[in-house]
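Biologist: I'm new to this one and would love a close look at a single part. Could you walk me through it slowly, starting from one residue?

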Amino acid sequence: MSNIRKAFENGKAFIAFITCGDPDIETTKEAVKKAVENGADLIELGIPFSDPTAEGPVIQGANLRALNAGTTTDKVFDLVRELRKEVSIPLVFMTYANVVYSYDPDKFIRTCEEVGIDGMIIPDLPFEEKEEFEPYCKKYGVDLISLIAPTSENRIAMIAKEAEGFIYLVSSLGVTGMRSEIKTDLGAIVKVIRENTDLPVAIGFGISNPEQARKMADISDGAIVGSAIVKLLEKHGKEAPSYIGEYVKSMKDALR
Amino acid sequence: MSEIFTTKPPRRAQPKGKETPMSNANGRFGIHGGQYIPETLMNAVIELEEAYNHYKNDEAFNKELTELFNDYAGRPSRLYYAERMTKDLGGAKIFLKREDLNHTGAHKINNVLGQALLAKKMGKTRLIAETGAGQHGVATATAAALFGMECVVFMGEEDTKRQALNVYRMKLLGADVIPVTSGTATLKDAVSEAMREWTSRIADTHYCLGSVMGPHPFPTIVRDFQAVISKEIKEQIKEKEGRLPDYVLACVGGGSNAIGTFYHFIEDKEVKLIGCEAAGRGVDTFETAATIATGKLGIFHGMKSYFCQDKYGQIAPVYSISAGLDYPGIGPEHANLHDTGRAQYVPVTDDEAVNAFEYLAKTEGIIPAIESAHAIAHAIKLAPTLDKDKIMVITVSGRGDKDCAAIARYRGEDIHE
């Protein structure tokens, strides 16, 4: 069984996203540790990409800062090696297809397995193109996590049936970023997902406060938060980890 | 001419390479192409593909489009024998395909009229587009005005400065122009921003992509609408010379005018196809946009193709004097034409393009777009090496009025637009 299941064994899961190398690798390491200490159940580690087309301005900014600070795929792998000495919760990568492709998919996913990455989320790799990386994911036991969107409709069953790890349900149209309100009828989508898979479902995009997280977790198995955490890094830089710890605690408390 | 928009593709070999046996099986050109986009957009591109497959064989649709091409855009565009240029260069006989004479001043209108009509049939009321030099933005704003649709154009902030006149034209036509400040603030960032916008608003909005790039079905749709260029060339050159040309040249950014120029010659193996890429300050510098010369295989903006990038797959900040060719990738069909050796891609520097811009103005009284001047520049090198009985066709993809201020600046002269 996938290690990712463990993230969903402590009640509703709180999943935190952090862009690696923003403002530097050392801060990322501290931020991840603080998030874990304060109850995060799974960490999504973003490998920065020059042109993140699925991201809103906040995470775009983080990608740019991380790249300007000299972050590379190899440095991110080193970071995970370091983190794995202290962190045992599931870790997944979030990055774009070209980052994996240019590294050589076999080598990239083999290294994921070697350093202790449990899965990967590639927003520009839909169901139709998953053959690109899936054979290597199966070979090395790294889960290729599927996204389902409010527009997926007739595609939900097809995607859910072949999904691995957990289902990443995108809450709203558009790119990542905080939203005051989430209007999609997510309950109906979760229902169709449940009919087609036993995998846990976590909801992301637009979630920033404990009330939203609670609301999302009520209809699913967990909440994913990215921009709100990245915003703390943008604001506090190297001082951000303690703020992130506090924030994660408030979010996880709302989910308990 | 009874039917300008051809729906029947010429016979061609099945593409080689690995294909996924899925809904996008037709979206591959060899190993290139595909649909590498967020799940949120998948149903939108599937809906677009279905609509296109329906309307491309629809008689009424084709009739309406042909009328728009002929009566509104001024097609067919002329194939002009450039006698002075031919004599001056002393080699191959040179013909210019005058896409610069189309309404709005470039080949971009061919694709836009097709897509806007398709969008209208699909019930969309709003067009969004990216633009580099501003020609595609102007064409989209024009079609939106014509069809009574809302229009939003994304343009790199850097390009809004280089092409201020086109920004004004788009606004005059009723479009909103959004300057894009992310990344390098040029064409690739405008594409990214238009994709983000489409992700957030799909129901009433069609993304009118301007080149033969992006996810399937865009490279096919845009190519089919631009293929009118080579269809006309073929008829016109047969009428004038009684035979096919030996060389066909066009400039390549994403590659829409080039694929339009090549398409109906792909099966005519004796016709040499040459795409002219923007080398900027040279392919041995970092300030270049020559994708085939300097790029490597990658996945970006919805497609697998060649991209200028670093060893970790970060997309390179490319450069060219031409805002329209200033793009780090190339359309997947071109990537495949390169792989199979069917077409040749050559780099042309800023300097060579500016010289060609001035040369065509002085020799033929035609001011080409700086993009098109890249193709002229290669012709200036190639034609003198060829026998006089050879025939060369060069597509002048657009007119150069928009570039005069920038070329003047390049020559050290500051003029007010």
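Leaving aside its neighbours within four places in sequence, which residues is B:Q115 in contact with?

Modeller: Happily! This is a predicted model, where local features need pLDDT of at least 70 and side-chain atom pairs count only at pLDDT 80 or more, while totals for chains, interfaces and linings use all residues; side-chain values use heavy atoms, with hydrogens and water left out. Residues are numbered from 1 along each chain as its sequence is written, with chains lettered from A and ligands numbered from 1 in the order in which they are written.

Now to your residue. Apart from its neighbours within four places, B:Q115 touches B:H206, B:Y207, B:C208, B:L209, B:F218, B:I221, B:V222 and B:F225, where contact means heavy atoms within 4.5 Å. With B:H206 there is also a side-chain to side-chain polar contact at 2.7 Å. That term means a pair of N or O atoms within 3.5 Å; within protein, one must be able to donate a hydrogen and the other to accept it, and residues adjacent in sequence count only if both atoms are side-chain atoms. B:Q115 counts as buried because its relative accessibility is 1%; buried is under 20% relative accessible area, exposed is over 50%, and partly exposed is in between (1.4 Å probe, protein chains only).

B:Q115 sits in helix α4 of chain B, residues 108-121. Helices (H or I, at least four residues) and strands (E, at least two) are DSSP runs, numbered from the N terminus.

Let's follow that helix to B:K121. There, B:E64 forms a salt bridge with B:K121, with the closest N and O atoms 3.0 Å apart. The pair links distant parts of the chain, as B:E64 lies in helix α2 (residues 59-72) of chain B and B:K121 in helix α4, 57 residues apart. By salt bridge I mean a side-chain nitrogen of Lys or Arg within 4 Å of a carboxyl oxygen of Asp or Glu. Both partners are partly exposed: B:E64 at 26% and B:K121 at 35%.

A second pair in chain B joins B:E232 and B:K97, at 2.7 Å between the closest N and O atoms. B:E232 belongs to helix α10 (residues 228-241) and B:K97 to strand β4 (residues 93-98), so this pair ties together parts 135 residues apart in sequence. Here the partners are buried, with B:E232 at 1% and B:K97 at 0%. They also belong to a network of salt bridges that takes in B:R75, B:K97, B:E99 and B:E232.

For another covered part of chain B, look at helix α8, residues 187-200. Of its 14 residues, 12 are buried, including B:L187, B:V191, B:M195 and B:W198.

Chain A offers a salt bridge inside one helix. A:K191 and A:E195 meet at 3.3 Å, N to O, and both lie in helix α8 (residues 186-196) of chain A, four residues apart, about one turn. Why do residues at such spacing face alike? An α-helix has 3.6 residues a turn, so residues three or four places apart point the same way. A:K191 is exposed at 55%, and A:E195 is exposed at 56%.

Finally, the two chains meet: 41 residues of chain A are in contact with 38 residues of chain B. Four salt bridges cross that interface, among them A:E132 with B:K304, whose closest N and O atoms are 2.9 Å apart.

Note on methods:
The expected span of a helix is 1.5 Å times one less than its number of residues.
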